[in-house]
Amino acid sequence: MVKLTPNPSFSLTISLETPNRTGMLAKVTQAIASEGGNIGNVDLIKQSRQIIIREITVDAYSTEHIEKIVQAVKTLPEIKLVNVYDRTFDIHKGGKITVQGKIPLKSQADLSMAYTPGVGRISKAIAEDPQQIYNFTIKKNTVAIVTDGSAVLGLGNLGPGGALPVMEGKAMLFKEFAGIDAFPICLATQDTDAIVETVKNIAPVFGGVNLEDIAAPRCFEIEVKLREILDIPVFHDDQHGTAIVSLAALINALKLVKKSIEDIRIVINGAGAAGIAITRLLQKAGANQICLCDSKGIVSKSRTGLNSEKQAFAVESSGTLADALMGADVFLGVSVPGVLTPEMVRSMAKDPIVFAMANPIPEIQPELVAEEVAVMATGRSDYPNQINNVLAFPGIFRGALDCRATTLTSTMYLEAARAIASLVKTSDLDQEHIIPSVFDTRVATAVAGAVASAARTEGVTV
């Protein structure tokens, strides 16, 4: 069991009954603290002369950690454990999203206009002029979140049912940060052609398609095929969202260490969807020296069996990740926990930049190299500099929908990254603040404006 910082994703509420005597609460909090639990709210539920019932909120770092905390409380004499609630499971009960009408239906007249017979006039108008679908339906502000459940949050192939809670969460983020109505489409197939055909057939409803948690290399092929046949934006967030936010963070990190992207040497560990997309976008931004690594080490031209995506970025040299990192300026990890060691970091160039973005456990624990790195970022919300895709995808689609973009381009991604980076003022830029907060309300607007402007410049709008 890896010990991490306790966080709300493993949060529980402990309901307990104690005798109404001084010091009983202290015994409980001490037991929780002794197991490393992080205590939040303590609420008084009921009190009499004999007993007190309280609910205590506690953050843990794993399910195993939760069990240890609960057991510590259970063993206390005179303490009665009434119930234990997993707060994360509780908020998912019944799902997290709903569909709600925008107009009242309080009279026969309302019904006659919103539905039959009045709606028939709208249907005829769209049939006669298909572009009217953007004016009189949800299409102009609706995105399909499409997955086959084959690569869910780094947890593996969980299938469409296992993916659904994630897609519901994604829909919430679209609505909260960009005002976009998004809906989960979890497909019970992992056949590339079947996925493409299904998305093509449901596309009339949606103004854009967000591909999510589809394993590489299938995700590349699906995105390419859909872009060929659809006239609406198709965006694979695991690729391009990660790349955009990574570049935004790197732009600002390089300002701190006073290095140029054209001159630095970058090592990317993880050659799946995110790693390949990051490599492409960094090249677009001017990076000249990028070494891509996977579980076998450096992606070298001397290796056999490389897929076409890896072949495009294979280099002449070969060796291990440790070999690649000697003298490197930047490490970008989208791979697996614990693959980066302090010794590897110490072998890097002066003022190394480390983005350890594997979730939930990064490639290296930040505490291990706190004194070794110039800038550290992770994918976690409980450390500074979280590389979070929510900084990108709401604004990307907001801008694309607003300008009626027919596709998305690498220039639009580049401008989105620059817009995100620009929101951190030079006076505010420091080792623990290279990227805006996900709750910064300026982000989606800035990204949307940059994306729409780039789309018009490139001529990909209606």
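## Annotated sites and the sheets around them

UniProt, in an unreviewed entry, marks Tyr 115 and Lys 170 as "active site". Those two span 56 residues in sequence and their farthest two C-alpha atoms are 30.1 Å apart, so they do not all gather at one spot. UniProt positions here follow the numbering used in this text, with feature names shortened, and the annotations may be inferred rather than shown by experiment.

A word on the ground rules: this is a predicted model, where local features need pLDDT of at least 70 and side-chain atom pairs count only at pLDDT 80 or more, while totals for chains, interfaces and linings use all residues. Residues are numbered from 1 along each chain as its sequence is written, and side-chain values use heavy atoms, leaving out hydrogens and water.

Helices (H or I, at least four residues) and strands (E, at least two) are DSSP runs, numbered from the N terminus. Tyr 115 sits in the loop between helix H4 (108-114) and helix H5 (119-128), whereas Lys 170 belongs to helix H7. The table sets the two beside the other annotated residues and Asn 269; buried means under 20% relative accessible area, exposed over 50%, and partly exposed in between (1.4 Å probe, protein chains only).

| Residue | Relative accessible area | State |
|---|---|---|
| Tyr 115 | 54% | exposed |
| Lys 170 | 7% | buried |
| Asn 359 | 41% | partly exposed |
| Asn 388 | 21% | partly exposed |
| Asn 269 | 4% | buried |

What does Lys 170 touch? Leaving aside residues up to four places away in sequence, its contacts are Ile 145, Asn 210, Glu 212, Asp 237 and Phe 393, where contact means heavy atoms within 4.5 Å.

Helix H7 (residues 159-178) is also the middle piece of a right-handed β-α-β unit, with S5 and S6 as its strands. Right-handed means that, with the strands pointing away from the viewer, the path from the first strand over the helix to the second runs clockwise. Strand S5 (residues 142-147) and strand S6 (residues 181-186) run parallel and are joined by six bridges; two strands pair if DSSP finds at least two bridges between them. Thr 147 is found opposite Cys 186 of S6.

Now for the other pair. UniProt lists Asn 359 and Asn 388 under "binding site", again from an unreviewed entry. They span 30 residues in sequence, yet no two of their C-alpha atoms are more than 10.8 Å apart, so these two gather at one spot. Asn 359 is in the loop between S13 and S14 and touches Leu 153, Gly 379 and Arg 380, not counting residues up to four places away in sequence. Asn 388 comes in the loop between S14 and helix H15 (393-402); with the same sequence neighbours left out, up to four places away, Asn 388 touches Val 245 and Val 438.

S13 and S14 are part of an open six-stranded sheet with mixed pairing, in the order S11-S10-S9-S12-S13-S14. At the edges are strand S11 (297-298) and strand S14 (375-378), each pairing on one side only. S9 and strand S12 (residues 330-333) pair in the parallel sense over four bridges, with Ile 266 partnered by Val 330 in S12. Helix H10 (residues 237-257) packs on this sheet, touching S9, S12, strand S13 (353-356) and S14, at about 155 degrees to the direction of S13. Helix H11 (residues 273-284) packs there as well, touching S9, strand S10 (289-294) and S12, and makes about 180 degrees with S10. For these angles, axes are lines fitted to C-alpha atoms, for helices over the stretch in contact, and values run from 0 to 180 degrees between N-to-C directions.

Asn 269 is in strand S9 (residues 265-269). Among the residues that Asn 269 touches are Cys 293, Asp 294, Phe 331 and Val 339.

Back at the N-terminal part, UniProt (unreviewed entry) puts "domain: ACT" at residues 13-87. That stretch is 32% helix and 45% strand, with its end C-alpha atoms 7 Å apart. An open antiparallel sheet of four strands has the order S2-S3-S1-S4. Strand S2 (38-47) and strand S4 (80-86) are the edges, each with a single partner strand, so one side of each has no neighbour in the sheet. Helix H1 (residues 24-34) lies across S1, S2 and strand S3 (51-60), at about 20 degrees to S3, while helix H2 (residues 63-74) lies across S1, S3 and S4, at about 10 degrees to S1.
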